[in-house]
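Please examine the sequence and the structure shown below. The paragraphs that follow lead through selected parts step by step.

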Number of protein chains: 2
Amino acid sequence: MTTGIKDVAKAAGVSAATVSRVLGNGPVSADLREKVEAAIRATGYRPNLSARRLRSQHSRTIGLIVSDIRNPFFTTLSRSVEDAAYRAEMRVVLCNTDENPDREAMYLRLMQEERITGLIYAPTRTTAASLDERNFDFPVVLVDRTGPNGVHDAVVIDNAGAAGQLVGHLHDHGHSRIFGLFGNTSSTAIERHDGYRSAMIMRGLEPDARFVAPHDRAAAEALTERLASGERPDAVVVSNGLMLLGAYRAMRAAGLETPRDLALTGFDNETWTELVGSGLTVIEQPVADIGRTAMDLLFERLNRPDMAPRKVVLSGRLVARGSSARVG
Amino acid sequence: MTTGIKDVAKAAGVSAATVSRVLGNGPVSADLREKVEAAIRATGYRPNLSARRLRSQHSRTIGLIVSDIRNPFFTTLSRSVEDAAYRAEMRVVLCNTDENPDREAMYLRLMQEERITGLIYAPTRTTAASLDERNFDFPVVLVDRTGPNGVHDAVVIDNAGAAGQLVGHLHDHGHSRIFGLFGNTSSTAIERHDGYRSAMIMRGLEPDARFVAPHDRAAAEALTERLASGERPDAVVVSNGLMLLGAYRAMRAAGLETPRDLALTGFDNETWTELVGSGLTVIEQPVADIGRTAMDLLFERLNRPDMAPRKVVLSGRLVARGSSARVG
DNA sequence: AGGCGGATTGAAAACGTTTTCAGACGATAC
DNA sequence: GTATCGTCTGAAAACGTTTTCAATCCGCCT
């Protein structure tokens, strides 16, 4: 139906093989190459990528599995991955799991059926646990979250350290009843909790943490509840941007202001955290770097499949703003 | 190398055709089907999508071309498109053009090579102009932005009406020197300007608009400049979320507060617009509906290719907040 | 002059499926 | 008992490329 390589060959008076070689920069004499290129332009020929991929056994496709592209962290991650991919003349297929292990399983299956070149993947905690056993026939680079052992390459930030930094910053600014609010689906949240916990203990403070589903709603509920019960904390650490939003709303709904009543801090330097009141103190993650690094690891792994697995740890940056200011 | 349909066939003691029929829910007797399914499980067989697509001539892939996934409008648009796609067992290939016509051209080429089933596309104004002449061999649904004539289906919001609504709202609340700040790359911005302009004239107000590149930086510069020169406006209408952010920053940098000094309003109900001060008055777009509707149009078009092109116009919703409150 | 080597070229195989076509079988209708 | 039909099955073609392999051509060496 549509014009194929044979039509071009016929139009140029050469064989299909020669056309293919022109397309792939193979060895072709200058005049034939020119004739073929003219024929390509004349016929408006477009290669069929499915056929090409089937025959060449290279999909030139990388998979990207995240929980939700609307999470700003993953938005800019995906953008940086795509930029790197298209620079390498590759395509990206993007999947949203909504933290749902079933969807995760289905997308992992899809990745195999696409015969992707490599996968960049932010797994749920439950799936991450069993990830080391599974055998994929493409390299996998874990981002943001990681499994226990480390069969796969990974790039993460120093979550425990960053959370500790936040605790230290708050303590140094005169806060001591620091409440921690963490997600319950990712290794990342766990690590942040651990960092929070040890920093608290190290400074002789009493840990006071809760784990909830990583939504704004769940976070809002949890904070509302905590504010209503017992002695009120004077500071809060929240484990990601979306939850921080929920916490902020809950705080406002309770009629509280930051930093006057509560020093609200958390992860992810999203736009609104800068604009709101005197600004929220947050840990900024080098998201674009994470994406770029992940792609680098992927490509290196493709070149040297037998290299030992590597984990790259980038560090977050504390952005101090009004919400953690010393008060009173 | 990897296990193919023939290996499964051998393991099950049937022909490749039968395995294929089991996979595609073709007519197969119950016992053979069972044997084949067992063999599939035993061999861990995964179909090769490239081969399947090549032979069946159906890519089951829809393309999505937007300017930048980090623009929240496109973020949630892409999510709603993907949800609809995966519900229909299709994949999505996502492309970011950065408003760059060259990248647009390259991605359009890519779409043809992928032999996509259909395309959802937010074109640059320059590309949109020539879009009607081009002949794609897949249906195209324009979103958010549209070309002049309308050879393709489209789903947009009533931009002129919404901008007019904003002007009316501001005027009703006592503002009359209303400055308009619009992007210069999309038909959408043009329409919003037109709506702004006619509403101003209709109400006997003097239009005062500027077109700039649709960034936060450009918007910030433009507003800063405007605030410094001549009689200061008492209200501003900004044509999209990112530019609104720039405008807000510029306003704050100039030491002004909303609504006291300036009634800042615009498009896109992003998170931060609600949280900032007493909130920014904005036009909220039904983004998820736009995506869903676009997919609907696409599927209908696939079923009935000869139907006349349709344009679906959804309407934005005015979300009145503090920034447009009557003052003085 | 004959042979050899490198550079180009074309014919045909291969990639892993789906689909067409025809055959086999059993049942139903006469 | 035979003809007819419908259902299931397998062999082989087809999808549009890339890649292998052998052939051809040309120049150069002995």
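**A helix, two DNA strands and a buried asparagine**

In helix α2 of chain A, which spans residues 16-23, the buried residues are A:Thr18, A:Val19 and A:Val22. These residues lie on the same side of α2(A), because they cover an arc of only 100° around the axis. The structure discussed here is a predicted model, and the values below should be read accordingly. Among the parts that cover the buried residues of α2(A) are two helices of chain A, namely α1 (5-12) and α3 (30-43). After α2(A) comes A:Asn25, which has a positive phi, near 60°.

The next topic is the relation between the two protein chains. A turn of 180°, with a shift of 0.0 Å along the axis, lays chain A on chain B with an RMSD of 0.0 Å. The two copies are therefore related as by a two-fold rotation axis. Both copies use the same surface, since 100% of the contact residues of chain A recur in chain B.

We now turn to the DNA. Which residues come nearest to DNA strand C? Of the 24 residues around this strand, they are A:Thr18, A:Arg21, A:Ser29, B:Ile5 and B:Ser20. A:Thr18 has already appeared as one of the buried residues of α2(A). An N or O atom in the side chain of A:Thr18 is 2.5 Å from a phosphate oxygen of DNA strand C. Chain B also takes part: an N or O atom in the side chain of B:Arg52 is 3.0 Å from a phosphate oxygen of DNA strand C. A base oxygen of DNA strand C, in turn, lies 3.1 Å from a polar side-chain atom of B:Arg55. Two or more residues of the surface near DNA strand C come from each of the following elements: α2 and α4 (49-56) of chain A, and α1 (5-12), α2 (16-23) and α4 (49-56) of chain B. Of the atoms of DNA strand C within 4 Å of the protein, sugar or phosphate accounts for 61%, and bases for the rest. By class, the residues of this surface comprise 10 nonpolar, 7 polar and 7 charged.

DNA strand D can be examined in a similar order. It is surrounded by 25 residues, of which A:Ile5, A:Ser20, B:Thr18, B:Arg21 and B:Ser29 are the closest. Backbone atoms appear in the contacts with this strand. A polar backbone atom of A:Asn48 is 3.4 Å from a phosphate oxygen of DNA strand D, and a backbone N or O atom of B:Ser15 lies 3.3 Å from a phosphate oxygen of DNA strand D. For B:Gln57, an N or O atom in the side chain is 3.4 Å from a sugar or linking oxygen of DNA strand D. The elements giving two or more residues to the surface near DNA strand D are α1, α2 and α4 of chain A, together with α2 and α4 of chain B. Sugar or phosphate supplies 59% of the atoms of DNA strand D within 4 Å of the protein, and bases supply the rest. The surface near DNA strand D has 11 nonpolar, 7 polar and 7 charged residues.

Finally, consider A:Asn159, which is found in helix α8 (residues 159-172) of chain A. Is A:Asn159 buried or exposed? A:Asn159 is buried, because its relative accessible area is 1%, and buried means under 20%. The side chain of A:Asn159 makes a polar contact with the side chain of A:Glu191, at 3.1 Å. Leaving aside residues up to four places away in sequence, A:Asn159 touches A:Asp144, A:Thr188, A:Glu191, A:Arg192 and A:Phe267.

Definitions and conventions
Residues numbered from 1 in each chain as written. Chains lettered and ligands numbered in written order. Predicted model: local features only at pLDDT ≥ 70, side-chain atom pairs only at ≥ 80, totals over all residues. Heavy atoms only, no water. Buried < 20%, exposed > 50% of the residue type's maximum accessible area, 1.4 Å probe, protein only. Helix = DSSP H or I, 4+ residues; strand = E, 2+ residues; numbered from the N terminus. Arc of directions from axis to C-beta. Contact = heavy atoms within 4.5 Å. Near = heavy atom within 4 Å. Polar contact = N/O pair within 3.5 Å; in protein donor to acceptor, adjacent residues only side chain to side chain. Nonpolar A, V, L, I, M, F, W, Y, C, P; charged D, E, K, R; others polar. Least-squares fit on C-alpha atoms with pLDDT ≥ 70 in both.
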